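Biologist: I am new to this structure. Please pick one strand and take me through it closely, with enough of the rest to place it.

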Amino acid sequence: MVGPAGAGPDATVPDATVQGATVPGEFERRGRWESWDLRPVWAEVDLDAIRHNASVLSAIAAPAWLCAVVKADGYGHGAVEVARAALDGGARWLAVALVEEGLRLRRAGIDAPILVLSEPVPEAMQAVVEHDLAPTLYTRAGVRAASEAARRVGGAFTLGVHIKVDTGMHRVGATAQEAVELAHVVAADPVLRLEGFCTHFAVADRPHDTFTDRQIERFESAVEDLRAGGLAPMVLHASNSAATLWHRRARYSMVRCGISLYGLSPTSGATDLPGLRPAFSLKARVSYVKTVPAGEGISYGLRYRVSEDSTVATVPIGYADGVPRAVSGQGAHVLIGARRYPIAGTVTMDQILVDCGVDRRVSVGDEVVLIGRQGDQTISAEDVATLAGTICYEVVCGISARVPRRYTGIRNAQVTPR
Ligand SMILES: Cc1ncc(COP(=O)(O)O)c(C=O)c1O
């Protein structure tokens, strides 16, 4: 399809009528093409669901604040759009993994406090300061770099920093004693502010695992040492989604929620989410339909064979888009016409095949749901994760950049071009 002169993918115009995408006549009516006109594959992100989830989590955590974790491009949902919706829904802070993720939010005009969850390298500290990001620190070198960068700003500027204590996960963080010492170094530095003191849990997704209680005790003991030394950081925070939901005692003054903000479960064991709504759907349209004779094999390796003359639909989405190749042969399904059909054989890089059996109702252009709802049928990111032998976090983060995100529920703000 060739667009009118000057036309091109333009994600700046909110498209609330997602149903209309690539329906015959829709492109002509719009007068310009979107990337899903060129290949009918897209992810739908429901910003009303993000707003709703942020307000539910804020209410659960209160009086603690909600920090919306929007790293990894908002777990694949789109960091800027999710951040705005989460702030609308009541989040007070945002958190990112990388300095550049923080810069992207600032460039989009977001002025809420932004926490960088791990210690930035010294070379990044100037950007941290210039964009008013709050770094997590746990080494003397990190504190020194933050201090030098903050001093270069001059005037009355002070940089708020968060000291992280490793209470047992052993990923990042100082020992309790070192963390308290670092906090004193920060407090004595006129250009630094001890804004936060934090830790991270290793097994909060297993609600009955008592190791989280041990981590809580170690954290609280470090906080006591801090207070005994006359220090009182403004924000104490430890809880991810699982701990926010299942470890009330560890909510402190802020909780850092990622997966639950997106309406997904932090554990495959418990799906008792208090009214949270999944925000992410993955959709495509059938690109090709044929009848495959009984006994023929399908896709690479010919590991899937049809037992009767079968309608086989091709869908132009594959593992390069983030459909896990690991679901091949594991009983994964898609939805077409609100009916469930199995993915037949190996997921290929750009396409999957769907066995519609003796059903002759499937046609080119029909909407296919890989994650989401169609009629009364649902396929969740958790379902896909289970079949792929992974967690829903990896499924949504893994939907690649070549899948355009389409937003519903946009309010008073443009969608940022990707
Ligand atoms: C330090 C930290 N805090 C909070 C979170 C959010 O975790 P979740 O997505 O389980 O809520 C993460 C995510 O991995 C993290 O690394």
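Modeller: What follows is a short view of the whole chain, then the strand, then another sheet for comparison.

This is a predicted model; local features need pLDDT of at least 70, side-chain atom pairs count only at pLDDT 80 or more, and totals for chains, interfaces and linings use all residues. Residues are numbered from 1 along each chain as its sequence is written.

The protein chain has 13 helices and 20 strands. Both are DSSP runs, numbered from the N terminus: helices are H or I with at least four residues, strands are E with at least two. The radius of gyration, taken over C-alpha atoms, is 24 Å, close to the 22 Å that the globule rule gives for 418 residues, so the chain is as compact as a globular protein of that length. That rule is 2.2 Å times the number of residues to the power 0.38. Of the 418 residues, 48% count as buried. Buried means that 20 or more other C-beta atoms, placed from the backbone, lie within 10 Å of the residue's own; exposed means 12 or fewer, and partly exposed is in between.

Now the strand. β10 spans residues 280-285, and six of its six residues are buried. In a regular strand the side chains alternate between the two faces of the sheet. Here Phe280, Leu282 and Ala284 point one way. Ser281, Lys283 and Arg285 point the other way, and they are buried too.

β10 has pairing partners. Two strands pair if DSSP finds at least two bridges between them. Strand β1 (residues 41-46) pairs with β10 in the antiparallel sense, over five bridges. In that pair, Glu44 stands opposite Ser281. Strand β18 (residues 367-374) also runs antiparallel to β10, and four bridges join them. There, Leu282 stands opposite Ile371.

Strands of a sheet pair through backbone hydrogen bonds, either parallel or antiparallel.

Another sheet shows what an edge looks like. It is open, with three strands in the order β11-β14-β17 and antiparallel pairing. β11 (288-292) and β17 (352-355) stand at its edges with a single partner strand each, so one side of each is left without a neighbour in the sheet. Neighbouring strands of this sheet are turned by 30° against each other on average, direction ignored. The axes behind that angle are lines fitted to C-alpha atoms. Four bridges join β14 (residues 310-315) to β17. Among the residues involved, Val315 has Ile352 of β17 as its bridge partner.

Conventions: Axes fitted to C-alpha atoms, helices over the stretch in contact; angles between N-to-C directions.
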